[in-house]
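Reader: Hey, got a minute to go through this model with me? I'd like to start with the pockets and then wander a bit.

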Amino acid sequence: MFDYLEYIRKRNFPHIWCSGCGDGIVLKTLIRAMKKLNISKDEAVMVSGIGCSSRTPGYIDINTLHTTHGRAIAFATGVKLANPSLKVIVVTGDGDATAIGGNHYIHAARRNIDMTVLLYNNYIYGMTGGQVSPTTPKGDKASTAPYGSLEQPFNISGLASAAGASFVARGDVYHVQQLEKLIVKALEKKGFSLVEILSPCPTAYGRRNRMAHPVDLMKWLRDNAIPKSRFDKLSEEEKKGKVPTGVLIDIEKPEFISEYEKLIETLKGK
């Protein structure tokens, strides 16, 4: 039987996540992925910013940094530069990473810095008031958009791909076996690796958008989050409302920290 307690800080339980939140599922799946790869607690560092997702480091027993809003990737960059041997994992949310932290997100992907970013996407600012986030679907309601958002949402996986990430994937908390495989692949990849994780928020998002019961949100994921291979075969009409999941980008390219170390060695020889 799998022993989750090996990676858990029992003293910090019970957790603070709402009933029906998907973040606990991500925590469990991440632990399984780390165990599968035999990543020791001493060689891993988890960095987070502010938000529901960013509470994750409080519950996992590895080296952790709970930092300021939007700055998780910036702190993670510093950790990786200081000790390139560490396995750096960033846990962030759609608001934390792509609003106040948007420039860090883009440029870390552009540089292809070796870190794994798990970006929990719940379509809203869940912890800080239910405001519109960069991924809130157009027309959906939030505390700052009681009549529906007028903004076009980010495709945050597409943004990472366009910026230069070497690995980009999207999963969800209903299809957990697929999600575990995606996290394993991201942790194994050298370079900037993103896993966008669709994680329902029944409290801030669901109750404003006719999906107040957690089961409704999970059913939506079941019916609308589909493998990319299947999605690509659909007609344009059939694609409406569907979200492709799986590996979206997996390429080999120079990684920033390695290139930086090569430069240092070159300069030493002059």
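Reader: So, by class, what is in the lining of the largest pocket?

Author: Ten nonpolar, four polar and five charged residues. Keep in mind that this is a predicted model.

Reader: How much space lies in that largest pocket?

Author: About 430 Å³. Its lining has 19 residues, and those nearest the centre are N155, R170, K242, V243 and P244. Strand 6 (192-198) and strand 8 (243-250) are the elements that give two or more residues to that lining.

Reader: OK, next one down. Which residues lie nearest the centre of the second largest pocket?

Author: Y123, D140, Y205, M211 and W220, out of 16 lining residues. The space in the second largest pocket is about 310 Å³.

Reader: And which helix gives the most to the lining of the second largest pocket?

Author: Helix 7, residues 214-224, with three residues. By class, the lining of this second largest pocket splits into ten nonpolar, four polar and two charged residues.

Reader: Now the closed spaces. How many cavities of 30 Å³ or more does the structure hold?

Author: Two. The largest cavity has about 170 Å³ of space. There are 18 residues lining the largest cavity, with G51, C52, G93, I124 and G126 closest to its centre.

Reader: What classes of residue are in the lining of the largest cavity?

Author: Nine are polar, six nonpolar and three charged. Helix 3 (residues 94-100) supplies the largest share of that lining, three residues.

Reader: What about the second largest cavity, which residues line it?

Author: G70, A72, I73, T92, D96 and A97. The second largest cavity holds about 30 Å³ of space. Helix 2 (72-82) and helix 3 each put at least two residues into its lining, and the class split is three nonpolar, two polar and one charged.

Reader: Switching to electrostatics. How many salt bridges does the structure hold?

Author: 15. One of them joins the side chains of E252 and K189, at 2.7 Å from N to O. That pair links distant parts of the chain, since the two residues are 63 residues apart. E252 sits in the loop between strand 8 and helix 10, and K189 in the loop between helix 6 (176-188) and strand 6.

Reader: Is E252 buried or exposed?

Author: Exposed, because its relative accessibility is 70%. Its partner K189 counts as buried, because its relative accessibility is 10%.

Reader: Got one within a single helix? Where do K262 and E259 lie?

Author: Both are in helix 10, three residues apart, which is about one turn of the helix. Their side chains meet in a salt bridge, 3.3 Å from N to O. K262 counts as exposed at 53% relative accessibility, whereas E259 is partly exposed at 37%.

Reader: And K228, which residue does it form a salt bridge with?

Author: D232, with the closest N and O atoms 2.8 Å apart. K228 has a relative accessible area of 30%, so it is partly exposed. D232 is partly exposed too, with a value of 42%.

Reader: Which residues are linked in a network of salt bridges?

Author: R9, K41 and D61 are linked that way.

Reader: Surface next. Which residues form a nonpolar patch there?

Author: L81, Y260 and I264, and together they have about 250 Å² of accessible area. I264 is in helix 10, which runs over residues 256-268.

Reader: Why does I264 count as partly exposed?

Author: Because its relative accessibility is 35%, and partly exposed covers the range between the buried cut-off, under 20%, and the exposed one, over 50%.

Reader: Last thing, P134. Where does P134 lie?

Author: In the loop between strand 4 (115-121) and helix 5 (156-163). P134 is buried, because its relative accessible area is 15%.

Reader: And how far is P134 from A76?

Author: They are 58 residues apart in sequence, and 22 Å apart in space from C-alpha to C-alpha.

Note on methods. Residues numbered from 1 in each chain as written. Predicted model: local features only at pLDDT ≥ 70, side-chain atom pairs only at ≥ 80, totals over all residues. Heavy atoms only, no water. Patch = residues over 30% accessible without salt bridge, like charges linked within 9 Å, V, L, I, M, F, W, Y side chains within 5 Å. Areas by Shrake-Rupley, 256 points an atom, 1.4 Å probe, with all protein chains shown as cover. Salt bridge = Lys/Arg side-chain N within 4 Å of Asp/Glu carboxyl O. Helix = DSSP H or I, 4+ residues; strand = E, 2+ residues; numbered from the N terminus. Buried < 20%, exposed > 50% of the residue type's maximum accessible area, 1.4 Å probe, protein only. 1 Å grid on protein atoms, 1.4 Å probe; cavity = no way out; pocket = protein on both sides within 12 Å on 5 of 7 lines; lining within 4 Å. Points joined across faces, edges and corners; volume = space filled by probe spheres on them. Nonpolar A, V, L, I, M, F, W, Y, C, P; charged D, E, K, R; others polar.
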